[in-house]
Structures are given as structure tokens and as C-alpha cells.
Amino acid sequence: MRSVPSITSAETQEVLSVPIVVIALHEGCNCRCVMCDIWKIQSPRELAFEHLTRQLDSFERLGVRWVALTGGEPQRHEHFVDFTTALRTRGIRISLLTAGVLLESDALLVAEAVDDVIVSLDGPPEIHDRIRRVPEAFNKLGRGTRALKQMKPGIVVAGRCTVQRANYSALCRTAECAKELGLASISFLAADVSSTAFNRPLSRSASRQNAVALDASQVDGLEHEIERLIREHGNGGFVLESPDKLRRIVLHFRAHLGQAPAIAPRCNAPWVSAVIEAGGEVRPCFFHPAIGSIHEMTFAEVINSPQALRFRSNLDIATNPVCRRCVCSLFLPARQPAANVSDRLASAHPNELKTMVASDLHFRGKAL
């Protein structure tokens with residue numbers, strides 16, 4: 001029998017607590033990243049403020065304690081402060097996931113609105129700018145980080161790097177740049193090359209995949225770079241992933257080439273978290289189909305709707321093809337009571353939160 005987290009009813013698959021929710025406030029993005037197609041959306045949607053406020057009671061009932069705001073760029077939403085204020089009045093911790101190009105101009109806004117920030121860092125300046133396809137993106141990120149810390153000296157700003165063809169040989173340099181930028185930590189995960197998440201077409205051309213994926217010789221080079229990263233930066237906690245999780249990045253690209261089996265990561269995301277899209281759709285994670293919409297029912301009703309119950313009942317992560325190709329995951333301890341999980345999330349230092357789910361949460365090519 002498939003094991004079920006204790007914050008779920010094993011008999012019915014009813015979820016009793018959802019400690020983590022990702023909310024895509026605004027689909028508009030200021031970058032043109034090679035690994036993501038969100039920036040191609042012609043008419044970006046944004047989540048209506050009234051649709052969120054209707055869900056606050058559901059959030060409280062389900063024990064939501066940590067919200068990650070993503071997009072696009074969340075702070076482009078005209079009611080960004082209203083959103084964060086409504087959430088924080090319910091005692092919910094807020095992390096902002098951002099590419100960082102707007103941080104300098106939005107430093108005061110962000111400092112007052114969120115608890116911590118996770119920025120995308122794709123490599124040293126020349127590599128970061130080439131991947132983001134935004135002139136001076138690295139320098140903008142640096143200036144924004146400094147401005148934010150001046151506004152709020154105690155705020156934690158962490159980095160996340162998506163490993164791909166353009167940066168696989170520069171991971172150690174990326175970690176060094178993260179330290180130079182004053183980031184609290186850096187985490188790494190493999191680029192998603194096969195799913196339809198992040199506004200990708202149903203079938204990506206081979207040339208599009210090859211712009212991100214690695215060939216056989218490059219995977220060998222990545223393996224050497226990962227081992228060097230472990231040796232030089234793997235101790236002390238600055239790189240959040242364990243050696244085993246870092247080595248899974250290599251296995252992901254080998255699986256894409258057919259050199260290794262695709263093995264699903266340890267994950268219970270559909271039982272402990274959810275994603276609310278800018279259009280109101282609710283997903284069990286970014287990669288599986290929506291299980292309902294907050295336009296049609298409350299968040300709590302969506303989470304335990306017949307469609308959601310069927311999905312969780314039928315989901316075998318170890319054999320599901322979407323899960324086996326997943327580049328990320330989320331796992332929260334299954335044996336802890338829901339209240340204990342929620343309390344730990346609420347009281348943890350931001351770095352501890354990220355360590356709890358390091359390489360477990362990745363949103364929109366950014367980070368958590």
C-alpha cells in the first residue's frame with residue numbers, strides 16, 4: 001500500500017493541511033530566458049486581489065504558513081502590497097521569487113512586503129546575461145540586492161541556479177559569484193527540458209531542447225564540475241543541496257540522453273502544497289494538470305474536490321512519467337502532525353526553510 005503523509009487522511013486522500021502554497025501573481029516577465037517561455041505570453045494574466053482575499057479563510061483552515069510569490073515578476077502586480085499585507089495579517093511567511101532585474105527600483109516596496117527573497121543567478125556576469133538575454137542583468141541583480149539590504153539590513157537574499165547547457169561548466173564560479181553578491185546561499189537544479197510547464201508548447205523542437213539540454217560529452221563535463229562543486233563548496237551549508245542531490249542533476253541529463261533510467265525524486269508535494277496560477281487554476285505542482293480553479297470554488301474545496309481526490313489516489317510517484325522526469329520535488333516529513341509541520345515552517349529561519357526543501361522547490365526557472 002502506498003504510504004500517505006499524516007497530514008492527509010489515508011482512507012480518503014483528503015488533505016488536512018497545506019503548509020506551502022505557491023502563488024503566481026503576475027505572468028509578465030522582464031527576462032527572455034532560454035529555458036522558459038513565460039516571457040512569450042502576449043497578454044499576461046494577473047491574479048485578482050479579490051480572488052485571493054476570498055481564499056484567506058481557506059488558507060487559515062488548511063494551515064498555510066508559507067507562501068512563495070512567483071510569476072513572471074510578482075511585484076509587477078498593481079496590488080502587490082495589498083496581497084502581501086493580506087497574507088501577513090494571517091501570520092503567513094512570504095518569500096519573493098524574482099529574476100532580480102527590478103529589485104533596485106522596487107527595493108523599498110519589497111523590503112516592506114516580504115520576509116525573504118530568492119533571486120535567479122545563472123552564472124558569472126557574461127553567462128548570466130546571455131541566459132537571461134537582458135543587458136546588464138547581472139549588474140542589475142547586484143545593485144538590486146545591495147539596495148534591498150540597505151533598506152532592510154536583516155533580510156535574507158538567497159540564490160538559485162538552473163543548470164543547463166550554457167552554464168554547466170561554471171557552477172563553481174556561480175557559487176563564488178553568489179558569495180561576492182552577498183547572497184546567503186545558493187542552490188542548484190537541472191533545467192526542465194521535457195515538460196509543458198512554464199508556457200512551453202506541447203512539443204518542443206529538438207533544437208529548442210538542445211539549447212538547454214546537454215550532450216554526452218557535456219554531461220561528462222558536468223559530472224566533473226559537480227564533484228568539484230562538492231569538494232570546494234559542499235561543506236558549511238552555503239550550497240544547500242547535499243552531495244546526493246547535486247549528483248541527481250547529472251543523472252537527470254543522463255536520463256534525457258537514455259544513458260540512465262529516469263527515477264522520480266522523493267516527493268509528497270501534492271499532499272502538502274499547491275500552486276495557484278495567475279488565472280486562478282490550482283495545481284498539485286507545476287508539472288501536473290490543474291485540479292480546479294479558485295474562480296469556481298474556494299481553495300479548500302479545490303484541494304479536496306473529487307478531481308483532486310482521484311488524482312492523489314491514482315498518483316504513484318515512483319512510476320508516474322511526469323514525476324520520473326521531474327527536475328524538482330518537495331518533501332515534508334510524513335510522520336509529523338500537521339500542526340508541527342506548520343509551526344516549524346512559521347518559526348524557521350529562511351535558510352533553514354530552504355535547507356528543509358533544498359532542491360525540492362523550483363518555480364518558474366527561479367528558486368525557492
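1. In this predicted model, strand S3 and strand S4 (residues 116–120) run parallel and are joined by 4 bridges. For a handy place to look at this pairing, try Leu97, which stands opposite Ile118 in S4. The connection is worth tracing too: S3, helix H4 (residues 107–113) and S4 make a right-handed β-α-β unit.

2. S3 also has a partner in strand S2 (residues 66–70), again with 4 bridges and a parallel course. Here the pair to pick out is Ala68 and Ser95, with Ala68 standing opposite Ser95 in S3. Helix H3 (residues 80–88) belongs to this part of the chain, and with S2 and S3 it makes a right-handed β-α-β unit.

3. How many residues of strand S3 are buried? The count is 6 of the 6 in residues 93–98, so the strand is largely enclosed by the rest of the structure. In a regular strand, side chains alternate between the two faces of the sheet. For S3, one side carries Arg93, Ser95 and Leu97, the other carries Ile94, Leu96 and Thr98, and all of these are buried, so that both faces are covered. If you colour by accessibility, please note that Arg93, Ser95 and Thr98 are among the buried residues here.

4. Now to Gln55, which sits in the loop between helix H1 (49–53) and helix H2 (56–61). Is this loop residue buried or exposed? Its relative accessibility is 2%, and because buried means under 20%, Gln55 counts as buried.

5. Which residues does Gln55 touch, leaving aside those up to four places away in sequence? They are Ile294, Met297, Thr298 and Phe299. With Ile294, the sequence separation is 239 residues, while the C-alpha atoms are 7.9 Å apart in space.

6. The side chain of Gln55 has two backbone atoms to check. It reaches the backbone oxygen of His51 at 3.1 Å, and the backbone nitrogen of Phe299 at 2.6 Å. Phe299 thus deserves a second look, as a residue that Gln55 touches and whose backbone nitrogen the Gln55 side chain reaches.

7. Phe299 turns up once more in the largest nonpolar core, which has 92 residues. The residues with the most contacts inside that core are Ile23, Phe59, Phe188, Leu222 and Phe299. To explore the surroundings of one of them, start at Leu222: beyond residues up to four places away in sequence, Leu222 touches Val163, Tyr168, Leu171, Leu214, Ile249, Val250 and Phe253.

Technical notes: Residues numbered from 1 in each chain as written. Predicted model: local features only at pLDDT ≥ 70, side-chain atom pairs only at ≥ 80, totals over all residues. Heavy atoms only, no water. Helix = DSSP H or I, 4+ residues; strand = E, 2+ residues; numbered from the N terminus. Buried < 20%, exposed > 50% of the residue type's maximum accessible area, 1.4 Å probe, protein only. Contact = heavy atoms within 4.5 Å. Polar contact = N/O pair within 3.5 Å; in protein donor to acceptor, adjacent residues only side chain to side chain. Core = buried A, V, L, I, M, F, W, Y, C linked by side-chain atoms within 4.5 Å. Pairing = 2+ DSSP bridges. Right-handed = clockwise from strand over helix to strand, strands pointing away.
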